[in-house]
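Q: I am new to this structure and would be grateful for a close look at a single part of it. Please choose one helix, describe it with care, and then follow its surroundings outward.

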Amino acid sequence: MSPMRLALLASALLTSLVGAAQAQTTLRIGIAEDPDILDPSIGRTYVGRIVFSAFCDKLFDIDEKLNIVPQLALSHETSPDGKEMTIKLRPNVKFHDGEPLDAEAAKFSIERHMTLPTSFRKSELASVDHVEIVDPLTIKLVLKTPYSPLIAQLTDRSGMMVSPKAAKEAGDKFGLHPVCAGPYKFVERVQQDRMVFEKFADYWNKDNIHIDRVVFLPIVDATVRLANLKSGGLDLIERVLATDIKDVRADSRLVLSTAPELGYYGLTVNIRNDKAKGPLSQSAKVRQALDLSIDREALNQVVFNGEFTPGNQWVSPTHPYYQKAFPVHGRDVAKAKALLKEAGITSPVTVDYMIPKGAENEAVAQVIQSMAAEAGFDIKIRAVEFATTFKQAQAGEFQIFQINWSGRIDPDGNSYIFMRSKAPQNDGVYSNPEADKLMEDGRLTAKFDERKAIYEKLTGIVLNDLPIIYIYHRTLLIAHTTKLQGYKQMPDGLVRVVGLKFK
């Protein structure tokens, strides 16, 4: 069946989905994957964060200029020694089950992030010793050591508040029917098909909610997503292909919204969890050879029409914390071959190369496969359903995992959880005591010059060890119909629904 035929069928299905609710306004959002579990303590995917933004408010948020602004909290104050943060909560906030969001509930949510056995928030809040209740609407986070990225962590999943009553009742099934304090409340989820949310009547900012329902529809094929947007089956889509930019801009019915992404696209290398103990896991020189085989700018031109930014660090070359002492290098196949020889490796080096399914992911992998072959690598591309890639990554069932990280406003959020020994998202089980110390030191000071000097040393170590080979930094590409008004794209890549309305 042709892609266009699939697109038309999908459009008809999506239209029928909301046909019964024509009296209501429904925002239909096409997303690139089906998210993992909808529990802010356990979730680890970018697409999950997009869905969370519709129903799970945080203590703080960011604006277009990356300033931290209040959301469920009104203010915060850090003690002079950096070891206490006092947070005043917004009054009269309710969870979707009608329970109040007070200091008790906020304490519960943060402690749940810290102690739930399967939580991915543990490392983000590792410096928090305990939470104290100051008064019914004030909590105090008491820290083991100063932790400069803390406020930035509270603008994301670590700052999401969940209903204590619902969480206790549901236990490990909370993600199947999550109860938060956001603008929309959960209605249903059909795996690989849809997630439906309806307007929460008691939302603290309800005057800025103008649409009755939000439906997220996972459509892996970006061409089909765009076809549905054009046909009227969707109102907004995320991750437009860079090669479709001209097409979107040429359509008077559509608007393209863009922003530079905070994160990176990289190759996570399985260093200490590779059961086959392949050459990549055993030698930094082999990893350096693979790195040198890649022409980042050529890849950017071929796959993305030059719209993205080649990179070699966990922040982009335009970021204040980018280390200019370590610029993006060019391709050097001769040096790559020499490094393999120095490592005592006979080519070809076979590599199990896991990617999430999707046209762009596959295109990137194929370009890297072709480039690396010239240096002596035999890359075996293995495309896997998106959520399954994370399960396999945690189990060590890969040698390279090609994956995007959407990024955080503080550089710690792009590095610590992936490279600190025993960190929850350190899928390659990288461990370097010197790097560990530098990552911890970077958390202790809030002074820019001191932190940048620390990260410069860390960058040197990481670019030698290469637990992650950084490739490029995306431009966020979101398209929506002109009927949808009020949309603004933030650099964190989330789709914020507050304030949106239809003409």
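A: The account below begins with one helix and then moves outward to the parts around it.

The model is a predicted one. The part chosen is helix 15, which comprises the 12 residues 433-444. At 1.5 Å a residue, a helix of this length should span 16 Å, and the end C-alpha atoms of helix 15 are 17 Å apart, which agrees. At the start of helix 15, the side chain of Asn432 takes part in a contact with the backbone: one of its oxygens comes to within 2.9 Å of the backbone nitrogen of Glu434.

Helix 15 has a buried side and a face turned away from it. The buried residues are Ala435, Asp436, Leu438, Met439, Gly442 and Arg443. Around the helix axis they cover an arc of only 165°, so they lie on the same side of helix 15. Pro433, Glu434 and Lys437 are exposed, and they are carried by the face that is turned away from the buried side. Glu434 thus appears twice in this description, as an exposed residue and as the residue whose backbone nitrogen is approached by Asn432.

What do the buried residues of helix 15 pack against? Their partners are helix 4 (150-153), helix 14 (416-419) and helix 16 (448-465).

A residue outside helix 15 adds detail to these surroundings. Asp412 is situated in the loop that lies between strand 17 and helix 14. Its relative accessibility is 1%, and Asp412 therefore counts as buried, the cut-off being under 20%. The side chains of Asp412 and Arg443 make a polar contact at 2.8 Å. Arg443 is itself one of the buried residues of helix 15. Leaving aside residues up to four places away in sequence, Asp412 touches Tyr147, Pro149, Gln153, Met439, Arg443, Arg451 and Tyr455. Met439, like Arg443, is among the buried residues of helix 15.

The loop that holds Asp412 leads the description to strand 17. Strand 17 consists of residues 400-405, and 6 of its 6 residues are buried, so the strand is largely enclosed by the rest of the structure. In a regular strand, side chains alternate between the two faces of the sheet. Here both faces are covered: on one side Ile400, Gln402 and Asn404 are buried, and on the other Phe401, Ile403 and Trp405 are buried.

Strand 17 belongs to an open sheet of 6 strands, whose order is 14-18-13-17-15-16 and whose pairing is mixed. The edge strands are strand 14 (309-310) and strand 16 (377-384), each of which pairs on one side only. Strands of a sheet pair through backbone hydrogen bonds, in either a parallel or an antiparallel sense. With strand 13 (residues 264-269), strand 17 pairs in the antiparallel sense over 6 bridges. Within this pairing, Gln402 of strand 17 stands opposite Leu267. With strand 15 (residues 349-356), strand 17 runs parallel, and 2 bridges join the two. Here Ile400 of strand 17 is the bridge partner of Tyr353. Beyond that, strand 15 pairs with strand 16 in the parallel sense over 8 bridges. One of the partnerships with strand 16 joins Pro356 to Val384.

Helix 16, one of the packing partners of helix 15, spans 448-465. A further residue to consider is Gln288, which has its place in helix 9 (residues 284-292). Gln288 has 17% relative accessibility and on that account counts as buried. Apart from residues up to four places away in sequence, Gln288 touches Leu339, Asn464 and Leu466.

To complete the picture, one covalent link may be added. The structure holds 1 disulfide. It is formed by Cys56 and Cys180, whose sulfur atoms are 2.1 Å apart. Cys56 lies in the loop between helix 2 (46-55) and strand 2 (60-62), and Cys180 in the loop between helix 5 (164-170) and strand 8 (184-190), so the pair ties together parts that are 124 residues apart in sequence. The link is left-handed, with -65° about the S-S bond, and both Cys56 and Cys180 are buried.

Notes: Residues are numbered from 1 along each chain as its sequence is written. This is a predicted model: local features need pLDDT of at least 70, side-chain atom pairs count only at pLDDT 80 or more; totals for chains, interfaces and linings use all residues. Side-chain values use heavy atoms; hydrogens and water are left out. Helices (H or I, at least four residues) and strands (E, at least two) are DSSP runs, numbered from the N terminus. The expected span of a helix is 1.5 Å times one less than its number of residues. Buried means under 20% relative accessible area, exposed over 50%, partly exposed in between (1.4 Å probe, protein chains only). The arc is that of the directions from the helix axis to the C-beta atoms. Contact means heavy atoms within 4.5 Å. A polar contact is a pair of N or O atoms within 3.5 Å; within protein, one must be able to donate a hydrogen and the other to accept it, and residues adjacent in sequence count only if both atoms are side-chain atoms. Two strands pair if DSSP finds at least two bridges between them. A disulfide is a pair of cysteine sulfur atoms within 2.5 Å.
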